[in-house]
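Hi there,

Here is the model I promised to pass on to you. Have a look at it first, and my notes follow underneath.

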Number of protein chains: 2
Amino acid sequence: MSLDGQLPPKMRLLRAAAELLANSGGAPVSTRQITQLAGVTAPTLYHHFGDKEGLFDAVVAAGFEEYVAGERDFAPSGQPLEDIRRMWDNHVQFGLNQPELYLVMFGNIRPESRPAIVADAEALMEEMLNKAAVAGQLNVQPREAARSILAANVGVTLMLIAEPASERNLELSTMTRDAMIFAVSAEPASGAAPGDAGKSSVVVAAIALNAALQASHSDQLSSSELKLFLEWLHRISTSPAG
Amino acid sequence: MSLDGQLPPKMRLLRAAAELLANSGGAPVSTRQITQLAGVTAPTLYHHFGDKEGLFDAVVAAGFEEYVAGERDFAPSGQPLEDIRRMWDNHVQFGLNQPELYLVMFGNIRPESRPAIVADAEALMEEMLNKAAVAGQLNVQPREAARSILAANVGVTLMLIAEPASERNLELSTMTRDAMIFAVSAEPASGAAPGDAGKSSVVVAAIALNAALQASHSDQLSSSELKLFLEWLHRISTSPAG
DNA sequence: TAGCACCTATAGCATTGCTATATGAACTGA
DNA sequence: TCAGTTCATATAGCAATGCTATAGGTGCTA
């Protein structure tokens with residue numbers, strides 16, 4: 001029951017606090033629980049950390065170091081934007097693995113509490129984006145890009161944490177990630193006009209889809225399915241309703 | 001000192017809690033503070049709200065209704081994407097005006113606590129994006145787009161709340177906002193290059209048709225036909241690349 | 001051994017969220 | 001008009017919380 005691997009009490013307190021924080025989902029963790037699990041009495045806690053919040057700050061700091069270490073452990077692939085993607089995914093994964101810790105880190109940010117962590121995280125991402133900027137792949141200043149991407153990254157991670165694990169769809173993450181990266185990257189991607197898809201009616205939309213379908217060879221539907229699909233589409237697009 | 005405008009105690013409790021929550025930045029607010037400011041004793045609180053968290057939930061719900069009301073008060077401008085921009089800015093402003101309330105709403109989201117608010121906010125944005133989809137301006141399904149945009153919106157707002165008011169730079173917001181909207185919109189790039197950026201016109205048209213069909217109750221197809229039709233449509237509109 | 005800094009334990013204080021119980025007010029039906 | 005019932009508030013107090021004043025071991029160096 002007690003966390004006594006003969007580590008120094010300071011460490012035992014840190015681990016006990018981290019464990020209780022991680023397991024008791026959202027419920028407040030009392031100092032008595034912590035000290036009991038650590039096999040230590042109250043004054044020891046206050047001697048080492050001064051405060052309950054001091055202890056929690058230490059836990060957060062340790063967790064953040066782990067996070068940073070995870071981000072740094074990747075060898076640069078030579079494709080900076082690809083590294084950013086991995087960084088993003090790593091961030092999300094960290095949040096999903098330790099949701100409680102993550103919520104303390106990024107969910108409870110107040111200007112007087114811990115903007116230092118945010119600044120560090122931003123610096124970490126800016127560092128990577130700098131390589132992309134050097135390679136001429138960036139549309140905006142690396143710092144602005146880093147702040148923007150990190151903000152979206154945090155938002156996505158929080159949303160994913162918010163929904164029950166069974167319904168979590170990581171597509172939200174990849175989609176937002178690629179949207180952000182695309183927006184800051186300097187890739188010259190532009191094409192022809194999208195036809196006349198400006199009207200707002202079922203008919204127009206159906207006609208546009210009909211034309212587009214005939215032009216392209218989509219293999220998402222079998223030929224018999226497609227035949228029926230087109231027939232229905234025709235029925236819709238010749239209806240008077242709007 | 002006491003909040004007695006002769007309102008019913010329930011209201012006085014709500015207002016007292018909201019005021020204390022808003023002003024005492026991040027510090028825990030005790031029930032005794034609340035009841036004293038409301039000019040009421042403890043059991044009254046528990047009679048009406050059952051719990052401290054029940055009271056706070058009520059405060060959050062009230063705040064959220066205010067937020068929704070603010071979002072709805074805008075007359076649609078006819079340009080759905082422009083409405084989305086206003087919606088985004090409104091969201092950020094709400095968060096900056098009531099940071100503590102916002103942190104409780106979106107900073108402390110746990111799967112068991114309040115995903116309902118997130119769902120409502122998503123629905124609100126999806127509703128607007130549907131108009132864009134009908135007009136053929138959307139690249140992805142409105143629901144996915146709404147989730148993605150809202151996630152980024154929340155992330156940006158949290159980051160802005162995190163930094164001291166004097167250093168707040170709203171450019172982070174506008175930049176991220178436009179990046180997200182650009183990424184989900186079908187305007188600029190389409191058709192010719194369905195490689196990585198910009199979906200084919202088939203997909204855009206299918207999404208538009210899908211949204212239009214759901215909006216209008218076309219009776220050109222029987223319900224079973226429509227079901228299968230929509231399924232195929234979904235298959236088309238989520239295909240990797242046309 | 002003595003002194004000293006460091007770390008930990010005993011015991012308890014003030015405050016916290018919450019409640020068992022009782023009192024009052026307002027409305028009902030006769 | 002008045003007993004009965006329901007709703008709403010108050011009195012007083014409990015267990016748990018964060019924290020601390022004080023004292024008691026440790027291990028060092030001299």
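Which domains does the domain assignment give for chain A? The assignment gives domain 1 (9–50), domain 2 (60–184) and domain 3 (202–237), with bounds that come from an automatic or database domain assignment. The C-alpha centres of domain 1 of chain A and domain 2 of chain A lie 29 Å apart.

Before the details, a word on conventions. This is a predicted model, in which local features need pLDDT of at least 70 and side-chain atom pairs count only at pLDDT 80 or more, while totals for chains, interfaces and linings use all residues. Residues are numbered from 1 along each chain as its sequence is written, chains are lettered from A and ligands numbered from 1 in the order in which they are written, and side-chain values use heavy atoms, with hydrogens and water left out.

**Chain A overall**

Chain A has 11 helices and zero strands; helices (H or I, at least four residues) and strands (E, at least two) are DSSP runs, numbered from the N terminus. Of the 242 residues in chain A, 43% are buried, where buried means under 20% relative accessible area, exposed over 50% and partly exposed in between (1.4 Å probe, protein chains only). Taking contacts in chain A between residues at least 6 apart in sequence, 61% join residues at least 24 apart; a contact means heavy atoms within 4.5 Å.

UniProt has two annotations to keep at hand, both from an unreviewed entry. One is "domain: HTH tetR-type", listed for residues 7–67 of chain A. That span is 77% helix and 0% strand, and its end C-alpha atoms lie 23 Å apart. The other is "DNA-binding region", which covers residues 30–49 of chain A. Here the span is 80% helix and 0% strand, with the end C-alpha atoms 15 Å apart. The UniProt positions are given in the numbering used here, feature names are shortened, and annotations may be inferred rather than shown by experiment.

**DNA strand D**

DNA strand D is surrounded by 17 residues, and the closest are T31(A), D51(A), K52(A), P9(B) and T41(B); a residue is near a molecule or strand if one of its heavy atoms lies within 4 Å of it. Sugar and phosphate make up 51% of the atoms of DNA strand D that come within 4 Å of the protein.

For polar contacts, the criterion is a pair of N or O atoms within 3.5 Å; within protein, one must be able to donate a hydrogen and the other to accept it, and residues adjacent in sequence count only if both atoms are side-chain atoms. K52(A) has a polar side-chain atom 2.6 Å from a phosphate oxygen of DNA strand D, and T41(B) has a polar side-chain atom 2.6 Å from a phosphate oxygen of this strand. In H47(B), a side-chain N or O atom is 3.1 Å from a phosphate oxygen of DNA strand D.

At least two residues of the surface near DNA strand D come from each of α2 (31–38) and α3 (42–49) of chain A and α3 (42–49) of chain B. The largest share, four residues, is supplied by α3(B). By class, this surface has seven nonpolar, six polar and four charged residues. Ala, Val, Leu, Ile, Met, Phe, Trp, Tyr, Cys and Pro count as nonpolar, Asp, Glu, Lys and Arg as charged, and the others, Gly among them, as polar.

**DNA strand C**

Around DNA strand C there are 17 residues, the closest being P9(A), T41(A), H48(A), D51(B) and K52(B). A polar side-chain atom lies 2.6 Å from a phosphate oxygen of DNA strand C in H48(A) and 2.6 Å from a phosphate oxygen of that strand in K52(B). For D51(B), a side-chain N or O atom is 2.5 Å from a phosphate oxygen of DNA strand C. The largest share of the surface near DNA strand C, four residues, comes from α3(A).

**Two buried residues**

S148(A) sits in helix α8 (residues 142–162) of chain A and is buried, with a relative accessible area of 0%. Its contacts, not counting residues up to four places away in sequence, are M180(A), L172(B), M175(B) and T176(B).

L138(A) is in the loop between α7 (115–134) and α8 of chain A, and is buried at a relative accessible area of 14%.

Best wishes
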